[in-house]
Amino acid sequence: MYTPSHFQTNDLSAMQALMQRHPFALLITPHAGQLHTSHLPFLLRPEQNQYGLLEAHVARANPHCDALLAGAPSLVVFRGPDAYISPRWYTDPAHNVPTWNYVVVHAHGQPRVIEDSRRTLEIIGRLTDLHEAYLDNPWRIDEALPHAVRLVPHVLAFELEIERLEGKFKLSQNRLAGDRAGVMQALGASNSNADQEMLAMMAELYSEDGMPRID
């Protein structure tokens, strides 16, 4: 991934937090002359190794399974918030052009398939528990255990031990303080959830006047 130095992050906690806030990611696996892509929810288990372990599952009917069974090196792309940035928000609009702020994390690793039915149910259960936890009456896989067991042969669970992480956090680091302040003010006036999340991430780096925060 092309990442100018001022947008690059090596902050592991920030990258893992982004992956956990936006778990629906794109799995990319080149195999046998084809590029397989699948959009999947991933569960990050950050305690499992240096960068973390990803768990997910796909339908056995998905051709992507052949690449996973072969253990082909894969890339998982996690997308955070993004926002259009207008030159009108800068101190000198006439000498600038539009751009886009965005946050992405690329996780590289080699998938390992899970053929054991019990472990497959555990992986599905952990992912379900994570997202059901926000509901008033969370559903658990135990409630549908007989039916779930019958579905296991139609599912391929896998884990991906992250070998390398790339983080690109493009948050106006290359702009002057006045420009950053204008961007933050404009984002603050937006009703877009993505714009508000982008503002929150920028506010972690800069004060309202666009100056870097001092830890």
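This is a guided tour of one predicted protein model, to be followed with the structure open in a viewer.

**The whole chain**

Begin with the complete chain in a cartoon view, where six helices and eight strands can be found. If you trace the chain along its sequence, the helices and strands follow the pattern β-α-β-β-β-β-α-β-β-α-α-β-α-α. Measured out along the principal axes, the C-alpha trace spans about 60 × 45 × 30 Å. The chain has 215 residues, of which 45% count as buried. Among the contacts with a separation of 6 or more, 73% are between residues 24 or more positions apart in sequence.

**Strand 2 and its two partners**

Next select strand 2, residues 24–31, together with strand 3, residues 34–41, which run antiparallel and are joined by eight bridges. To follow the pairing residue by residue, pick Leu26, whose bridge partner in strand 3 is His39, and then pick His31, which stands opposite Gln34.

Now add strand 6, residues 74–85, to the selection, since strand 2 is also joined to strand 6, by three bridges and again in an antiparallel arrangement. Which residue of strand 6 stands opposite Leu27? Selecting both strands shows that the residue facing Leu27 is Val76.

**Two residues with a positive phi**

Most residues other than glycine have a negative phi, and the next two stops depart from that pattern. Select Ala32, which lies in the loop between strand 2 and strand 3 and has a positive phi near 50°. The hairpin formed by these strands has two residues between them. Is Ala32 buried or exposed? Ala32 counts as exposed because its relative accessibility is 70%, and the cut-off for that class is over 50%.

Then move to Ser172, in the loop between strand 8 and helix 5, the helix of residues 177–188. Ser172 is not a glycine either, and has a positive phi of about 65°. Ser172 has a relative accessible area of 3%, and is therefore buried, as that word is used for values under 20%.

**The nonpolar cores**

For the next stop, show side chains and select Met19, Phe42, Leu54, Val76 and Phe78, which have the most contacts inside the largest nonpolar core, a group of 36 residues. The element that gives the most to this core is strand 8, residues 155–170, with six residues. Val76 was already met opposite Leu27, and here Val76 appears again among the core residues with the most contacts.

Keep Met19 selected and display what surrounds it: leaving out residues up to four places away in sequence, Met19 touches Leu44, Leu54, Phe78, Val105, Ala107, Ile162 and Leu165. There is also a second core, separate from the one just shown, which has six residues, including Ile124, Ile141, Ala148 and Val152.

**The largest pocket**

Switch now to a surface view and look for the largest pocket, which holds about 270 Å³ of space. To find the pocket, select Ala14, Phe169, Met201, Glu204 and Leu205, which lie nearest its centre among the 15 residues of the lining. Strand 1 (8–9), helix 1 (12–21) and helix 6 (193–205) each supply at least two lining residues. Which element supplies the largest share of the lining? That share, four residues, comes from helix 1. If you colour the lining by residue class, eight residues are nonpolar, four are polar and three are charged.

**A last stop after helix 6**

Finally, follow the chain past helix 6 and select Ser207, which lies in the segment after that helix. Apart from neighbours within four places in sequence, Ser207 is in contact with Met184 and Arg213. Ser207 is partly exposed because its relative accessible area is 21%, a value that falls between the limits of under 20% for buried and over 50% for exposed. To end the tour, draw a line from the C-alpha of Ser207 to the C-alpha of Leu40, two residues that are 167 residues apart in sequence and 36 Å apart in space.

Definitions and conventions. Residues are numbered from 1 along each chain as its sequence is written. This is a predicted model: local features need pLDDT of at least 70, side-chain atom pairs count only at pLDDT 80 or more; totals for chains, interfaces and linings use all residues. Side-chain values use heavy atoms; hydrogens and water are left out. Two strands pair if DSSP finds at least two bridges between them. On a 1 Å grid over the protein atoms alone, a cavity is a set of points where a 1.4 Å probe fits but cannot get out, and a pocket is an open set with protein on both sides within 12 Å along at least five of seven lines; lining residues have an atom within 4 Å of a point. Grid points are joined across faces, edges and corners, and a volume is the space filled by probe spheres set on the points. Ala, Val, Leu, Ile, Met, Phe, Trp, Tyr, Cys and Pro count as nonpolar, Asp, Glu, Lys and Arg as charged, and the others, Gly among them, as polar. A nonpolar core is a set of buried Ala, Val, Leu, Ile, Met, Phe, Trp, Tyr and Cys residues joined through side-chain atoms within 4.5 Å. Buried means under 20% relative accessible area, exposed over 50%, partly exposed in between (1.4 Å probe, protein chains only). Contact means heavy atoms within 4.5 Å.
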